[in-house]
Structure formats: structure tokens, C-alpha cells
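Student: I would like to take a close look at one part of this protein, and I would be glad if you could set that part within the whole before going into detail.

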Amino acid sequence: MVDNCSQQHDGTRKWAPRFDYILSQLTFPALDAHVPVDHKLFESFLKNDIHEVLRVCATLRPSVDIAVLG
């Protein structure tokens, strides 16, 4: 699907490997090793303005999925 849109294609190809690395090489090993969670950092994440931005963007999404079959 992302191959049909150059913006999504570039974003996915760029960020997917980085996100995978963060989870598989940093986050999961830290959780397995019971590294203490930085609660101040987590609270900062939860209070970040981006959540409101994403909430508004989500309201702009069509109520149905759009697909081009061909």
C-alpha cells in the first residue's frame, strides 16, 4: 500500500527500521533486564502536545477505508 504514495513510501522506509531497532535493541532488552522506568520522562511523554494534534488528525480520517483495486 505504501508503495503507491511517495510520501508514505519514504516515511515508512525511513522510520520503520528505526522504530524496529528502538523496540528490539533498546526497549525490550531494558524491560527484560528490569531497568527502572524514568517516570518523569514517561509523564512528559503523556503530557506532550502531539497527542492532541494526533487526536485532531484522527477526526479528519475518512470513516471508511479506501482501496484502489485493479
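How many helices and how many strands are there in the protein, and what can be said about the salt bridge between Glu52 and Arg55?

Tutor: Please keep in mind from the start that this is a predicted model, so that everything below describes a prediction. The protein holds three helices and zero strands, and when it is read along the sequence its pattern is α-α-α. The part you ask about belongs to helix α3, which covers residues 50–59.

Let us begin with the pair itself. Side chains of opposite charge can pair when their charged atoms come close. Here Glu52 and Arg55 form a salt bridge in which the closest N and O atoms are 2.6 Å apart, and this falls inside the cut-off, because a salt bridge asks for a side-chain nitrogen of Lys or Arg within 4 Å of a carboxyl oxygen of Asp or Glu. By this rule, the count for the structure comes to one salt bridge. As for their places along the chain, the two residues are three residues apart in helix α3, and therefore about one helical turn separates Glu52 from Arg55.

The next step is to ask how far each partner is open to the surroundings. Glu52 counts as partly exposed because its relative accessibility is 42%, a value that lies between the 20% limit for buried and the 50% limit for exposed. Arg55 is also partly exposed, with a relative accessible area of 46%. In the protein as a whole, buried residues make up 0% of the 70 residues, while the exposed area is about 6900 Å², of which carbon and sulfur atoms supply 63%.

It helps to set the other helices beside this one. In helix α2, residues 39–46, we find Phe45, which counts as partly exposed at 47% relative accessibility. Together with Val37, Phe42 and Leu46, Phe45 makes a nonpolar surface patch of about 390 Å². The loop between α1 and α2 contains His34, a residue other than glycine whose phi is nevertheless positive, near 55°; His34 is exposed, with a relative accessible area of 69%. Elsewhere, the charged end of Arg18 sits over the ring of Trp15, 4.8 Å from the centre of that ring.

Finally, a careful reader looks at the confidence of the prediction. The average pLDDT of the protein is 85, and 87% of the residues score at least 70. Confidence is lowest in helix α1, residues 6–32, with a mean of 84, and highest in α2, at 94.

Definitions and conventions:
Residues numbered from 1 in each chain as written. Predicted model: local features only at pLDDT ≥ 70, side-chain atom pairs only at ≥ 80, totals over all residues. Heavy atoms only, no water. Lys NZ or Arg CZ within 6 Å of the ring centre and 35° of its normal. Helix = DSSP H or I, 4+ residues; strand = E, 2+ residues; numbered from the N terminus. Buried < 20%, exposed > 50% of the residue type's maximum accessible area, 1.4 Å probe, protein only. Areas by Shrake-Rupley, 256 points an atom, 1.4 Å probe, with all protein chains shown as cover. Patch = residues over 30% accessible without salt bridge, like charges linked within 9 Å, V, L, I, M, F, W, Y side chains within 5 Å. pLDDT = per-residue confidence, 0-100.
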